[in-house]
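Let's take a walk through the inside of this protein and look for enclosed empty space. The structure comes first, and then we'll go cavity by cavity.

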Amino acid sequence: MPSTVIVGTQWGDEGKGKVTDLITRDYDYVVRFQGGNNAGHTVKHGERKLALHLMPSGIMDEAAIPVIGNGVVIDPGVLVEEMEMLEREGISCKNLRISCDAHVIMPYHKDFDGADEKRLGANKIGTTNRGIGPCYQDKAARKGIRVQDLLDEKIFRLKVETALSQKNPILERIYGLDPYTVDQVCDEYLPYTRVLGPLVTESSQLLNTALREGKNILFEGAQGTLLDIDHGTYPYVTSSSCCAGGAATGTGVGPTAIDKVLGIQKAYVTRVGGGPFPTEQRYAEDGGSPEEAAAGELLCTEGQEFGTTTGRKRRCGWFDAVIARYAAEVNGLTDVALTKLDVLSAFDTLKVCVAYECGGKVYDYFPMQQSVLFHAKPLYHELPGWKGTDISTCRSFEDLPEAAQAYVRYIEEASGVPISIIGVGPDREQTIVCGWKS
């Protein structure tokens with residue numbers, strides 16, 4: 001049975017939640033392999049939209065077993081709240097499995113995250129202040145606390161005591177923040193084990209056993225390729241491996257078990273936080289020209305581009321084929337799901353960035369140097385739009401207006417990866433499947 005990795009191909013917020021929800025029925029396990037509650041997936045449950053931050057989107061399918069892998073960092077309070085929200089909606093979390101090796105976000109991680117961003121001022125990265133980066137720092141420094149530590153009060157107390165002996169002086173002397181006591185942390189965190197403890201498992205063993213039994217697995221990433229710690233627009237990135245390779249390290253399943261890599265591409269591009277964004281149509285308050293501001297505002301309002309986790313207005317821009325080609329290579333994409341094509345129905349003409357220009361040099365590939373990307377000017381190819389035509393009821397490629405078909409074909413050719421799924425609205429049924437086979 002095939003196993004598939006779902007990855008974002010831009011800066012996140014591409015619509016991975018909807019696509020995961022759409023194809024979950026074909027998989028036995030749905031596994032989140034990286035990130036923390038700095039990411040958000042919006043899924044539909046009846047007439048309601050639910051925001052998931054740690055829970056795999058596969059939780060919406062009772063037949064699939066949702067797993068939080070070892071590559072995820074977990075805020076146990078957030079996870080318990082999310083589980084309670086789902087239970088209130090009538091969605092059972094009894095099948096959830098949590099890796100014993102996943103690292104735990106501690107209260108001081110959140111303090112450090114917010115304090116560091118404040119210290120950086122205008123140079124801030126634009127984190128969500130949820131402690132994800134500092135937690136991954138402790139993981140890499142071999143000073144982290146894992147989910148399995150929560151299950152043994154003696155070990156947990158010892159590790160918290162060791163951590164606070166290092167963290168408290170920094171909190172007090174450098175940031176002027178209140179220190180923590182061991183009892184204070186334990187009193188907050190240990191009660192979570194009553195809910196989470198029965199769900200903790202050795203996830204690598206669980207998943208590899210499932211593969212030997214002929215089960216298939218859907219690996220679900222958060223954020224997007226250009227936020228990857230190694231392959232993104234560093235330092236304006238997240239602290240984990242968002243690319244397809246992270247599915248292996250974030251779950252303990254070997255890469256040869258993966259058959260397909262489905263890249264999620266929005267029909268335009270968005271970004272939250274700081275960092276370079278060549279095709280950005282800047283808002284008026286950010287210094288954009290009237291033409292830029294009009295395009296940016298229209299993309300934002302038509303696409304409802306507000307962060308699932310932060311609520312912040314996203315930065316919006318035209319589709320970038322340079323990024324699309326780069327994402328195809330570093331992820332080894334086999335297929336693309338194109339989302340939010342319907343948003344472009346608001347435009348007379350559309351632009352696709354085919355290359356960058358910087359310092360008199362043209363780049364048709366993703367430039368290595370950060371300084372080039374910051375100053376890159378997009379070179380556009382313009383295509384006619386289909387303004388005013390409602391495509392939300394289209395259910396086959398042939399149902400789309402000719403201009404929409406031409407747009408899809410153009411970006412498919414530009415990225416070099418077949419587009420197998422097309423989203424024409426927010427609901428699950430507002431989807432054109434034109435080649436995808438699980």
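Start with α1 (16–23) and β19 (419–423): each of them supplies at least two residues of the lining of the second largest cavity. Keep in mind as you look around that this is a predicted model. Of the elements around this cavity, α1 gives the most to the lining, with three residues. The full set of lining residues is Lys 18, Val 19, Leu 22, Thr 339, Ile 421, Gly 423 and Thr 431. Sort them by class and you get a mixed bag: three nonpolar, three polar and one charged. The space they enclose comes to about 40 Å³.

So where does that cavity sit in the overall tally? A search of the whole structure turns up two cavities of 30 Å³ or more. The other one is the largest cavity, and it holds about 60 Å³ of space.

Head over there and you'll meet three helices, α2 (76–88), α5 (147–150) and α8 (193–196), each supplying at least two residues of the lining. Residue by residue, the largest cavity is lined by Ile 74, Pro 76, Leu 79, Ile 98, Val 104, Val 147, Leu 150, Leu 151, Thr 193, Leu 196 and Val 200.

What classes of residue make up the lining of the largest cavity? Ten are nonpolar, one is polar and none is charged. Back at the second largest cavity, by contrast, the lining has one charged residue and three polar ones next to its three nonpolar ones.

Definitions and conventions: Residues are numbered from 1 along each chain as its sequence is written. This is a predicted model: local features need pLDDT of at least 70, side-chain atom pairs count only at pLDDT 80 or more; totals for chains, interfaces and linings use all residues. Side-chain values use heavy atoms; hydrogens and water are left out. On a 1 Å grid over the protein atoms alone, a cavity is a set of points where a 1.4 Å probe fits but cannot get out, and a pocket is an open set with protein on both sides within 12 Å along at least five of seven lines; lining residues have an atom within 4 Å of a point. Grid points are joined across faces, edges and corners, and a volume is the space filled by probe spheres set on the points. Helices (H or I, at least four residues) and strands (E, at least two) are DSSP runs, numbered from the N terminus. Ala, Val, Leu, Ile, Met, Phe, Trp, Tyr, Cys and Pro count as nonpolar, Asp, Glu, Lys and Arg as charged, and the others, Gly among them, as polar.
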